[in-house]
Structure formats: structure tokens, C-alpha cells
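Reader: I'm new to this one and a bit lost. Please take one part of it, go through it slowly, and then show me how the surroundings look.

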Amino acid sequence: MVLRAPARDKVRPKRHPRDMTKLMTANETVERVPVDLTDRAYEILVGPGLIDGAGPALADLISDRMVVVIVDQALVALGHLERLRASLSPVARSLHHILVDSGEGAKSFGSFERVMGELLSLGIDRRTLIVAFGGGIAGDLAGFVAASALRGLDFVQIPTTLLSQVDSSVGGKTGINTPQGKNLVGAFHQPKRVLIDIGVLDSLPRRELLAGYAEVVKYGAIGDLEFFEWLEGHGRALLDGDPAARREAIVRSCAAKAAVVIADERESSGQRALLNFGHTFGHALEAMAGYDGSLVHGEGVAVGMSVAARYSAKLGLCPGQDAERLVAHLRAVGLPTELDDVNPERSWDADALLGHMTKDKKVQDGRIVFVLLEALGRAVVKKDADPDLARRMLDRSVTAGAA
Ligand SMILES: NC(=O)c1ccc[n+]([C@@H]2O[C@H](COP(=O)([O-])OP(=O)(O)OC[C@H]3O[C@@H](n4cnc5c(N)ncnc54)[C@H](O)[C@@H]3O)[C@@H](O)[C@H]2O)c1
Ligand SMILES: [Zn+2]
């Protein structure tokens, strides 16, 4: 049956002019991606050696300020904090660090209060620079602490997971979770600079690397077919540690995210909603899994993208071969694409999933906002979902890819 193609907003990200200027830090080549937000403009630096080279890379910003690193405690045993401290201490007036727990629990009122208390006890002033050091969890919490302390302190992001390097460290969204849902309390607060050290990914568990890779694929799927094709050829090398492939994918992903953020910094025009491709469904899966580590965010997104792509094809909006090509690439690198991949033992209750989808904070006026594909490399936002649309999306023929 061919279903009526839904009305949709024709918005898509413009290609961001990538700044190919090279800068040498510690004899390594670093690429810069500008985020041109007028008075809040900043640069993303991508390359190897940026943790050991953080002092020189931030010297102009620090210029004799007090620096407080808010760091995921997991980075201590890995030696990453020690390396960062050694690099920053010669350029900072004074250098401190505050540890945060690993895991989603760190994005809570309780840990916000503790970290804020420790920060204020250090005798900070308005010139104090905060450095967020860790994955998206430490970054979101540290960014929100920076946005709130003394009504806003400058901060720098040094993301250490692939997901945080290509997504959460860029764009200025900061925040914590509440019992009512994820990321419901927070602030837009842009960093002053982002340092992406591709070498730090060497200690990241493969599963976390893959989860971040799902977000990389998302940029190709929503706005850049050529990048998607490049990933088909180089994705495996990237996952296996090839530094050139890592840098290329991270630079292109950051440029794609920067383009969307520049066009719609506060998610008001709809452009930024494109980044939610695969997320409405992915978030619902995560919520149902209970954030207990059985499903990490990127895995939910991979299933969500597969479902959204196949549903787009079922609507006649997108060629079936494009949807299957996306699913095939996700599968080829080892990401889940179907509900059964996530947990074959579990019976996913469509009503409960729908309940979570309508609670997502991206819901507008009670309507679920879907991001669908017109083609691989071209996404559209659809806000006027009819009540049955979401239910049909959960139909087994879509979620399991049957003809
Ligand atoms: N602000 C935004 O725009 C935005 C966007 C996307 C996601 N997020 C948020 O990001 C969070 C998820 O981020 P994440 O996936 O980076 O999770 P995370 O911060 O929990 O990191 C994943 C795991 O990897 C460990 N780790 C981090 N760096 C490591 C390294 N180099 N080597 C070894 N282990 C390392 C962490 O301790 C953790 O156990 C979620 O809370 C999500 O809501 C925010
Ligand atoms: Zn995501």
C-alpha cells in the first residue's frame, strides 16, 4: 500500500565552508573548524596530541587565569588527567580539578550541587576558566556549571568520546537530567574553544566508539551523500584506529554540526531538528531500556535511523534502496538496526514506546516531530504526524525491514 506522503518542512543544513587552515602543535597537524556565531564565535581544533598540547593551544584564552578542570573520574586511571594537568599548569595562574562520576547519574541535581559547591569553595572569580574534560556526560554537566556559576563563566570543551567529539561538545547545549526526563534542565552556553584529541579515542571501549559512529553516519544520512559514501569506504578503518580516517570523519561531522548550529543556534527555526534523525525513536528505546547500560545512546540512534529510513521508504518518500543502503552500512560496522538486535528476549510494547515518544521534549503542541528521509543525504522534518503515523512506524514490517 502506498501511503500519502506527509506534508513537511523543507529544511536542510547548508554545507559549512570548512576551514582547511592548518596549524602546527607539537609537530602535529591540527585542523580547525570555525563556528561562526558572531560575538560567540569559536574554533574546534582537531588533531592528535591536543591533550599534551592543550597549554599552547589554549594559552591565549587562559592568559594567566585560574583554570578549573571538571573531569570524568574514569580519565584519572587512564592517565589522561595527569597529561592535561601537566600541559595546562605552565600557562594557568592556578590549576584545579573536580572529579565527576562516570555514568548518567552525574547529570543530576545532586552532582550539580556538589560540583558547584566545590567550585565556589575554590574562590573563583568571573575570569575563571572552566575546562570540561570527558564524554558527553561530563561535558553537559560541566557546561551547565559554567553557564550558572557567577551567572556564566567561560569554558572550553575537551571531549574524549567519539560521540562527544562529533556532537555534544559543539553547539552550546548544556544540562542535567531530572526524574521527569533527560536534559530537561539546562542552558545554551557556547564554549570558547573545543579541543579534539583523536588519540584519546584509543582508550575508548569499542562499543562506545561504535555508538559515536552512529552519530557520524547520521550527518551523512541527513545532509551529505558524498560523506556517507566516504564512510562506506573508510568507516571500518576509522573504527580500527586509522588516525587519518578519524580526523577526516570528525572534521566533517563537526563542520556539519556547526553549519546547523549557525543556522539555528537555539533550535527555533527547525533546522536544528534535523539532527534528531533517529532520535525520537532512539530516545524511546533508551527510556524503555532504563538507562542501565543495556542500550547506549548511539545504539538506540542506529535502530531509530533504520526505522525512520525504512518508514520513509514505506511512505513513498524515499527510494527503498536508499533506506536499505543506510541499514546495510550500520549493520556492516556492527551497529544494531532492528528491535531484535537490541534485546531479542524483550517484547517491545508499541504502546509503551509511543508513550515515551510523546513525552520526548522535542514534541511540539502534543505532536511528535519526525525526521524522515527524502533520499540518502536529504532529510526532512515532519511535524504534523497523524495519530496513526507513529503506530504504523512501529509496525513489524518497518522495524524488522520485511518487504
Ligand atoms: N549537549 C549536547 O548537544 C548533547 C548531544 C548528544 C548527547 N549529549 C549527552 O551526552 C551524553 C552521552 O555522552 P557519551 O556517549 O560521551 O557518554 P559518557 O560521557 O558517559 O562516556 C561514555 C563512557 O566512556 C568513558 N570514557 C570517556 N572517555 C573515555 C576515554 N577516552 N577512554 C576510555 N573511556 C572513556 C566514560 O567514563 C563512560 O563510561 C548523554 O548524557 C547525552 O544526553 C549531549
Ligand atoms: Zn544523539
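Author: Let's begin with pairing: two strands pair if DSSP finds at least two bridges between them. Helices (H or I, at least four residues) and strands (E, at least two) are DSSP runs, numbered from the N terminus. Residues are numbered from 1 along each chain as its sequence is written, while chains get letters from A and ligands get numbers from 1, in the order in which they are written. What you're looking at is a predicted model: local features need pLDDT of at least 70, side-chain atom pairs count only at pLDDT 80 or more, and totals for chains, interfaces and linings use all residues.

Now for strand E10, which covers residues 193-197. Five of its five residues are buried, so to speak of this strand as mostly covered is fair; buried means that 20 or more other C-beta atoms lie within 10 Å of a residue's own, exposed means 12 or fewer, partly exposed is in between, and C-beta atoms are placed from the backbone. Arg193, Leu195 and Asp197 point one way from E10, Val194 and Ile196 point the other way, and both sets are buried. Strand E3 (residues 42-47) runs parallel to E10, and five bridges join the two. One place to find that pairing is Val46, whose bridge partner in E10 is Ile196. Strand E7 (residues 155-159) also runs parallel to E10, this time with two bridges. There, look for Val156, which stands opposite Arg193.

Helix H5 is the next stop. This helix runs over residues 136-148, 13 residues in all, and reaches 18 Å from its first C-alpha to its last. That is close to the 18 Å expected at 1.5 Å a residue, where the expected span is 1.5 Å times one less than the number of residues. Twelve of the 13 residues of H5 are buried, so the helix is largely enclosed by the rest of the structure. Among the buried ones are Gly136, Ile137, Asp140, Phe144 and Ala147. Just after H5, Leu150 takes a positive phi of about 50°.

H5 also leads us to ligand 1. Which residues are closest to that ligand? They are Ala74, Gly135, Gly136, Thr161 and Ser168, and 27 residues surround the ligand in total (a residue is near a molecule or strand if its C-beta atom, placed from the backbone, lies within 6 Å of it). H5, helix H6 (162-168) and strand E9 (181-188) are the elements that give two or more residues to this shell. By class, the shell has seven nonpolar, twelve polar and eight charged residues. Here Ala, Val, Leu, Ile, Met, Phe, Trp, Tyr, Cys and Pro count as nonpolar, Asp, Glu, Lys and Arg as charged, and the others, Gly among them, as polar.

Val71 touches H5 from elsewhere in the chain, so to say, through Ala138. Val71 sits in strand E4 (residues 66-72) and counts as buried because 24 other C-beta atoms lie within 10 Å. Leaving out residues up to four places away in sequence, Val71 also touches Leu81, His97, Leu99, Val100, Phe133 and Gly134 (contact means C-beta atoms, placed from the backbone, within 7 Å). Val71 and Phe133 are 62 residues apart along the chain, yet their C-alpha atoms are separated by 4.7 Å.

Ahead of E4 comes the loop between helix H1 (54-62) and E4, where you'll find Ser63 and Asp64. Neither is a glycine, but Ser63 has a positive phi of about 25° and Asp64 has one of about 70°. Ser63 is exposed, with 12 other C-beta atoms within 10 Å, and Asp64 is exposed too, with 10.

Stepping back, the protein has 16 helices and twelve strands, and buried residues make up 50% of its 403 residues. Of the contacts with a separation of 6 or more, 74% come from residues 24 or more positions apart.

One last thing, about confidence. The protein averages a pLDDT of 88, and 85% of the residues score at least 70; pLDDT is the predictor's confidence in each residue, from 0 to 100. Over residues 1-14 the pLDDT is below 50, and this stretch has 36 contacts in the model beyond near neighbours in sequence. Residues 20-27 are below 50 as well, with 16 such contacts. Where pLDDT is low, the predicted coordinates should not be read in detail.

Note on methods. Contact = placed C-beta atoms within 7 Å.
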